[in-house]
Structure formats: C-alpha cells, structure tokens
Amino acid sequence: MRLYSVMAALAACALTAAPALAQPSLQASALPNARSVPVNEPATFFAVITNSGDATAANCRVDLSSFNQAPVSLTYQTADSNLNLTGTPDTPADIAAGASQNFVVGVTPSAAYEGRVQLAYVCDGGVFAPGHPDVNDLLLVASNDAVIPDIITVSLTPSGDGVIRVGSPGAAGVMTIAATWVDAGPAPDRPSAHGGSTIRIWPEIPGYGGLMELEICETDSSSVCIGGRSAFVDIDFDEGEVRTFGVFARAPASGGVPLLPDVVRVRAVFADAPSNDASGPDAPLLSDGTRRSITSQAAEAPAPGDAAVTGEGYYRFRIRDLINDPTGNFQGDGELFVAPDGTALGWVEAIDDFPSFSQVFRLDGTFNPEGQNGPVFGGELSFLTTPDGRTGPSGPFTMRYEPGTGMFGQFDGTGAQTDAPMYFRDSRLQVRGAMMAAYFYATLAMTLDGAYMMFDPVAQQQIGMLTLLGANLSGSMSLGGESCTVQGQLLQTYLIAAFLAAEIVLTQCELAGEYTGFAMFTPSSEAERHLMRLILATQFFGIIAYGQQQAD
C-alpha cells in the first residue's frame, strides 16, 4: 500500500495545469501505466481526475475509449485521498471546481493481448480529459504463460513536479525509478547476448530520439550508480524484489528542450531480455521481448539566448481528432518539414485500416514572425495520394508558433473520400508538437555518407536500400507494390546542418517521375550511425520512408 500511495502522489504531479474557464476543465493521469496479468484476471491501477475549471463536473467516470481495441472489460470505483475505496462500483462522482477525484480501476482481458488500453475520463455534458500516452492510458500484457512478470514502476524527479528540469544548455537532469515484481513466479529464463539476463531496461524519448542524450544505471540504497551509466541495463529480477535506477537526460548545448508534457517525455521501458540483438531503425538497443512496464516524466531545458526565431525546420507532432473521438485520445504521430519560402511537406502515420503507407500532406503558405499573437504560419493544406491510392481532404490550416517551444494548430477537414484515414473524415484535426529547428544547428561530427536501409514507418518493414555519397542519392525502394529505381540529390540549402532539400527521380515503376522533398538526419542511439527521414512529393503523390545508416 505504501507503493500505491507514492503512485497516487505522483499522479497528481503528472497533471498539466489548465487555465480557469467558465466551465469544467479536466486533466487525468493513471498509475501504474503498465500491467501484466493472466487472461481473465483483472489488472488494477489508480486514476485521478482533476477539475481545474470554475464549475462542477457532474457524473465523472472512467470508461473505455471509443477507439479502444483491447479485448477487455472495465470497472471502476471512487477512492479517498488514502486510496481507500468509497461509494459503490461503477458509480460516477461529481468533482467540484479546483478539486480532484481518485479512482481504483480494473480492466479484465478476455483473451491474450499485448498493447495499449485506451481510456476515457468523461463527465456529463461532453466534458472529458484529453488522452495522453504514458500519462493516462495503460500498457497491458495478458497471457496464459506459466510465469508472467508483472513489474510495477514509479518514477520521481528532484523538482517533484513530474518534470526533468535541466538548468542550462548541455547540462543533465535525472529521473529516479523504483521497480518491484508482483504476483509472479521466478524470473523467466530468457537467454540473451548479454549474459542471460532476464529484464532489459532502457530510456527513450518516443518520437524524439535525438533530442537528449539518455543514460541509465542501476542504483544502490544511497542512489549511487552500481557500475557505469549506459544506454541500457540487463538485470535478473525475481518476485518481491525492489530495484532502483537512475535515468540521466542531457540537453544539447546548441538547443533547448520544449516543455510539452503531453508530447516530449523521457520514458524508461522494462522488457523481457532480447532473444537476439536485432532491433528497429529508431532504437538499435531495444529489446524485442515483451514490454512489461513503463514509467515517464516530462523534460525541459532552456535554449541558448541566441536561438533563431524562424519557421523553417523540422517538426514532430501528435494528432487528436476532436470530432470522431470525443474522449480526446491522440490518434497518431506526424512530422512536418518547412522550407523558408513557406512550402511544407508533412506526414501522419497510417492507422489500422491502412497499414501499408502513411498519409502525406502539402502546405502552401507564409510564415509571419511578427503576427499579432506571435509567429504564425497560415496556408492551404492538401492531402496527397499515397502509393496505395489513398487521398484526403484539403482546406485552410493555421499554426501558431511559440519559438523554442512548439507549434499548435487546427485543421477543419471536409470532403474526405470514404477511404481516407479515420481522423480526416470531415474531422477537426488538432496538432500539438515540438519545434525541432533549434536542436540541430550544430554541424554533425560524423559524415552522412553511407548505405541506408529504408523502412516503411508504420509496418517497420524494409522497403529498400539507398546510398548517399556526397550530395548524390541512389538505390531502390518498393513503392505501391513495385520496385522503383531512385536517383537524385540532397542539397544543403538550409541553416540546419542535417536538414536537406531533396530532388529525386523515380524510374522503372508506375510512380516514375520527378519528386521534390526533404531529408532530415538525426543521431541514433549508436554514435556511429544516423537516421534518415525522407519525404517526397509531386503535385499529386506523396511518399514517406525512413532509414538507418548501416555499419561499414
């Protein structure tokens, strides 16, 4: 129960304050954010809903999101500040302005499952708390295995507010973690290439792999590292043990880290040790074993005082559909490349209905660094046809910039074809993302030349090989079911060292033609390699792929 009390305190810290409104305004968090249980056995966790508005939120409850795909049933019950159950099961509660309500929640899987359970925190009148991955959802593993490692984790930061706060460019902050294995038998025998360890733990920033330098170590009772820091640690972990760790996040000297708690989060992942050292292109040191637990904190670091104010650059963002999912869960991730002339290409990830290729869009507009309410980009957004024949709506789109922090915008999509991705069918698209331009001004120490294994960003399957030598790019990629020969150039025309203009010609396939676009390079977790993100477009077609630089 002591551990659960710490979780409840952390849940309150993880909340992002919202401005007072003339109506209820909700935020929610859940702890722990991951459970592993047998099929037909409940996975319990704690949730808290906070009403930061100035009116009472009526009949508030925890439910499954309309987008949830996990085979689970859900029950909830209110709890007091000590997490003692109150009221009766599945009975909503009113939350006064400025107050919070704790809940004990249980989800019971009816079949084997491994993935996210998307939750809804809702009150009467269409009032809901936005969904945030790793903050108020649940990673669930349900199986019929004889041994099920159910690892509960809790993390803290020195500031006590759920944020790793780095004091200056190039400095580091820390997140401490306590982990215990509950309701399980002996550690599973999963041999790996690193000495037969059972559980691998590593830090990451999902979607922002090059944003901070991350290291981890196991710590003793005095919070001193046992051994050196590294990209991951492997440990033998038994039922009933409590193990502690430190995650160190170093900010780049050339740029800051935006405080976007719902977008940029330092996450520690606990997973079954890898069966081998094979890994995906974004994180070569990841385990391919089942993920057992996650814990995360936001991060913030100041940008240098001379950071440029510009709309040009590379962005990553998260998307939520404000109409089709009234519970406000994020529905995908995306990237945006903005040229100095206001032309921009971006992509949003495909969803389950369209797993083969992501949706590419084009923005034509202007960037005004002196807008009435700050820098703003305004223009026309058009979704391009993908190699597998999907298209989408077009219309005006405005993004507001907060230099060194992020971009915020909303798109009212109309006229989408019936085969368009779900969140663009006559939907209101809201994006929230981090401005990456300031983070890559420093010239990369390693050459970008080399061979890159290219991947489909959704299926994470190899689709080809490209070779970069100087400014010349060549190779082949499988697009739309056909293998296309690729020839072209990547030209350094922007201020950002690793942000290149692309002029590519595809031949010997149905999509043959001349394409323009952008390539972005970021360091991977292996110092010898870099990651390439390549987005190309004609007037009608758009293509997105990414690749990992291969070792010599």
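In strand 19, glycine 246 is the bridge partner of threonine 176, and this residue pair is a convenient place to enter the model. Strand 14 (residues 172-182) and strand 19 pair in the antiparallel sense over 9 bridges, where strands are DSSP runs of E with at least two residues, numbered from the N terminus, and two strands pair if DSSP finds at least two bridges between them. The model is a predicted one, in which local features need pLDDT of at least 70 and side-chain atom pairs count only at pLDDT 80 or more, while totals for chains, interfaces and linings use all residues. Residues are numbered from 1 along each chain as its sequence is written, and side-chain values use heavy atoms, with hydrogens and water left out.

Strands 14 and 19 belong to an open sheet of 5 strands, with the order 12-14-19-16-17 and antiparallel pairing. Strand 12 (150-156) and strand 17 (225-230) are the edge strands, each of which pairs on one side only. Neighbouring strands of this sheet are turned against each other by 25° on average, direction ignored; the axes behind such angles are lines fitted to C-alpha atoms. Strands of a sheet pair through backbone hydrogen bonds, either parallel or antiparallel.

At one edge of this sheet, strand 16 (residues 213-219) pairs with strand 17 in the antiparallel sense over 3 bridges, and serine 230 in strand 17 is the bridge partner of isoleucine 216. The two strands form a hairpin with 5 residues between them, and serine 223 in the turn has a positive phi of about 65°. How many of the 6 residues of strand 17 are buried? The count is 0, and the strand is hardly covered; buried here means under 20% relative accessible area, exposed means over 50%, and partly exposed lies in between, with a 1.4 Å probe and protein chains only.

Glutamate 218, by contrast, is found in strand 16 and counts as buried at 15% relative accessibility. Its side chain makes a polar contact of 2.6 Å with the side chain of arginine 243, a polar contact being a pair of N or O atoms within 3.5 Å in which, within protein, one must be able to donate a hydrogen and the other to accept it, and for which residues adjacent in sequence count only if both atoms are side-chain atoms. Not counting residues up to four places away in sequence, glutamate 218 touches several residues, among them Cys225, Ile226, Arg243 and Phe245, where contact means heavy atoms within 4.5 Å.

A second open sheet has 4 strands in the order 1-3-7-5, again with antiparallel pairing. Strand 1 (26-31) and strand 5 stand at its edges with a single partner strand each, so one side of each is left without a neighbour in the sheet. From one strand to the next, the twist averages 25°. Within this sheet, 8 bridges join strand 3 (residues 43-51) to strand 7, the two running antiparallel, and phenylalanine 45 stands opposite valine 105 in strand 7.

Aromatic side chains give another view of the model, which holds 3 aromatic pairs; rings of Phe, Tyr and Trp (its six-membered ring) pair if their centres lie within 6.5 Å, with planes under 30 degrees apart counted as stacked, over 60 as edge-to-face and the rest as tilted. The rings of tyrosine 76 and phenylalanine 103 have centres 5.9 Å apart and planes at 70°, so this pair is edge-to-face. The pair links distant parts of the chain, with tyrosine 76 in strand 5 (residues 72-79) and phenylalanine 103 in strand 7 (residues 100-109), 27 residues apart. Tyrosine 76 is buried, with a relative accessible area of 7%, and phenylalanine 103 counts as buried at 0%. For phenylalanine 245 and phenylalanine 270 the ring centres lie 5.6 Å apart and the planes stand at 80°, so this pair is edge-to-face. Both of these phenylalanines are buried.

Aspartate 134 is found in the loop between strand 10 (127-129) and strand 11 (138-143), and is buried, with a relative accessible area of 7%. A polar contact of 2.8 Å joins its side chain to that of arginine 116. Leaving aside neighbours within four places in sequence, the residues in contact with aspartate 134 include Asn33, Arg267 and Ser296.

Key
Axes are lines fitted to C-alpha atoms, for helices over the stretch in contact, and angles run from 0 to 180 degrees between N-to-C directions.
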